[in-house]
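Colleague: I am new to this one. Could you take me through it, step by step?

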Amino acid sequence: MNKFPASRRQFLKFAGVAGAGLLAPRKSLLAYAIAVGAEPYAPDSPADYTLRIASSPIEFAPNRIVSAITYNGQFPGPLLRFKEGQQVVVDIFNDTDAPEQLHWHGQFLSPSVDGSAEEGTPYIPAHGKRRIQFTPRPAGFRFYHTHNRAGADLHAGLYSGQVGPVYIEPRREPGNYDREVFLVLKEFEPAFSQGGDMAMDFLAPATKVKELEASGESAMKASLAKDMPHGYEVGYRYFTINGRMLGHGEPIRVKPGERVLFHILNGSATEIRSLALPGHTFRVVALDGNPVPNPADVPVLWVGTAERISANVTMSHPGVWVLGDLADDDRGHGMGIVVEYAGHKGKPVWTSPPPFHWNYARFAKPNAFAAEPDDVIEMSFAKQNAADHGFNLWSINDKVFSEDAMAAAYHLHQGKSYRIRMLNASDDIHPIHLHRHSFELTKIAGKPLAGVMKDVVMVGGYQEVEIGFTADNPGLTLFHCHQQLHMDFGFMTLFDYV
Ligand SMILES: [Cu+2]
């Protein structure tokens, strides 16, 4: 196992170069890494929060206990409740043999604490500690997770148990509810397969771009014609909600008429998940923690890797139900949790919902268009089948990101507004994530929309999606597919401010 990630070596190399006084006059990644590394830590007073990264057993069900790397010995990691705008001091201890990065997903932080080696955040050393301080924002449902590269190591990165929810209390809650329930969806015990991935067609609109499809399909055909296998995919043995397999955790106990606000996080390394609760509908009030302009009722939730959905459910259908994934196999292997009304007992019931397509536009501002941007950045995503020892390589505008040659490929001007036009020339759905900023969905599969603010968006196979954001948080900013197998094999790029 590589216990010293390439990016860490790179960071040291940068530091060495700086020490020798070889700094170029231009604002380089190197200068940046030095600058953020030099930020003083908080004085040595007790921290507000302490997180400890270590190996520990997790019990999914009786006699189904695996070893995983966790935060504070539990999965999911502890729910951290912050107050918007109120500074916190966090001590992070790393009891493992590998340097760690802890990323505060969805927050507008500085690169010194954001938790990404690519942005220059210092590592939490192996068997060491790092104290950080930051001012949590924006309000809403966020989370923290490791940002280590896993590569071919299925014990590293997001494949293990390093995911925990964050709730930043807003000044005003979106929607009325009686209580909150946090659900973290995650699979364990991954293994590689080579059969090709299953196509998923739940996204609406379903419009594909013909040119993207032609280019993706011909690249795949050419590769298979050369006797290449399909690139590796990852499958799992155990499926859990809040670390328990369906039927083995405490049920969610409810009363008729109760309004439960679910905060749902897909903590998967690689999978897109769905959820339904027979006889009930979800009123979606926030996506990725940001209140939506048009809360709407849906029978099914689809959640891409690292996406969050906050949805109200009025408990109006007494019984004992399975809140579970639509895929029978995944639900059968644990992806669900029991919802039990007071006074009701018995075997939990699952019924499949009618076919339903997930459309972000359902929650958008009706009949509205996003403001025109100052500049448009075009990116096309492509797959090189099985090109790296059986692993697919991924490129953005033909560039496969490499941690050994990190440099910002896109340059932002502070205060300007940008549109990123993403063209997906592959048949996979990619949950695309922008660090340290929120973005507005401005076009999905060719259809304009406005008002939905997110930090991850699923870009459908052979589809075109546009997002808009304002460059209002200077510093290196990572942009990547959140599918661990994709981000680790090239699907990343860096923005800087010039
Ligand atoms: Cu991807």
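**A bridge, a core and a metal site**

Modeller: Start with one pair of residues: phenylalanine 262 has alanine 311, in β17, as its bridge partner. Bear in mind that this is a predicted model.

Colleague: In which sense do strand β12 and strand β17 pair, and over how many bridges?
Modeller: Strand β12 covers residues 259-266, and strand β17 covers residues 308-314. Their pairing is antiparallel, and the count of bridges is 7.

Colleague: What is the order of the 6 strands in the open sheet?
Modeller: The pairing in this sheet is mixed. Its edge strands, β10 (233-241) and β15 (290-298), each pair on one side only. Neighbouring strands are turned against each other by 25° on average, direction ignored. The order is β10-β9-β12-β17-β14-β15.

Colleague: Which strand gives the largest share of the largest nonpolar core?
Modeller: That core has 104 residues. Leu183, Phe262 and Leu323 are among those with the most contacts inside it. The largest share is 6 residues, and it comes from strand β9 (residues 179-193).

Colleague: Which residues does leucine 323 touch, leaving out those up to four places away in sequence?
Modeller: Leucine 323 is among the residues with the most contacts inside the largest core. In general, nonpolar side chains of soluble globular proteins tend to be buried together. The residues touched by leucine 323 are Leu183, Ile241, Ile252, Phe262, Leu275, Ala276, Leu277, Phe282, Gly336, Ile337 and Val339.

Colleague: How many residues are in the second, separate core?
Modeller: Val90, Leu102, Leu109 and Ile168 are included in it. The second core has 19 residues.

Colleague: What are the protein donors of the copper ion?
Modeller: They lie 2.0 Å from the ion. Their spacing in sequence is H-x50-C-x4-H. The donors are His430 (ND1), Cys481 (SG) and His486 (ND1).

Colleague: How many residues apart are histidine 430 and histidine 486?
Modeller: Histidine 430 is in strand β24 (residues 430-434), while histidine 486 is in helix α6 (residues 484-487). The pair links distant parts of the chain, 56 residues apart.

Colleague: Is histidine 486 buried or exposed?
Modeller: Buried means under 20% relative accessible area. Histidine 430 has 0%, so it is buried. Histidine 486 has 3%, so histidine 486 is also buried.

Colleague: Where is proline 205 found?
Modeller: Most peptide bonds are trans. The bond joining alanine 204 and proline 205 is cis, with omega about -5°. Another cis bond runs from arginine 137 to proline 138. Proline 205 is found in the loop between β9 and α4 (210-225).

Colleague: Why does histidine 389 count as exposed?
Modeller: Histidine 389 has a positive phi, near 50°. It is found in the loop between β20 (375-388) and β21 (391-396). Exposed means over 50% relative accessible area. Histidine 389 counts as exposed because its relative accessible area is 73%.

Colleague: And tyrosine 462, buried or exposed?
Modeller: Tyrosine 462 has a positive phi too, about 60°. Its place is the loop between β28 (456-459) and β29 (464-470). Its relative accessible area is 4%, so tyrosine 462 is buried.

Colleague: How many helices and strands does the protein chain have?
Modeller: The chain has 498 residues, and buried residues make up 58% of them. Among contacts between residues at least 6 apart in sequence, 78% join residues at least 24 apart. The chain has 6 helices and 31 strands.

Key: Residues are numbered from 1 along each chain as its sequence is written. This is a predicted model: local features need pLDDT of at least 70, side-chain atom pairs count only at pLDDT 80 or more; totals for chains, interfaces and linings use all residues. Side-chain values use heavy atoms; hydrogens and water are left out. A nonpolar core is a set of buried Ala, Val, Leu, Ile, Met, Phe, Trp, Tyr and Cys residues joined through side-chain atoms within 4.5 Å. Buried means under 20% relative accessible area, exposed over 50%, partly exposed in between (1.4 Å probe, protein chains only). Helices (H or I, at least four residues) and strands (E, at least two) are DSSP runs, numbered from the N terminus. Contact means heavy atoms within 4.5 Å. Donors are N, O and S atoms within 2.8 Å of the metal (3.2 Å for Na, K and Ca); water is not among the atoms, so sites may look incomplete. Two strands pair if DSSP finds at least two bridges between them. Axes are lines fitted to C-alpha atoms, for helices over the stretch in contact, and angles run from 0 to 180 degrees between N-to-C directions.
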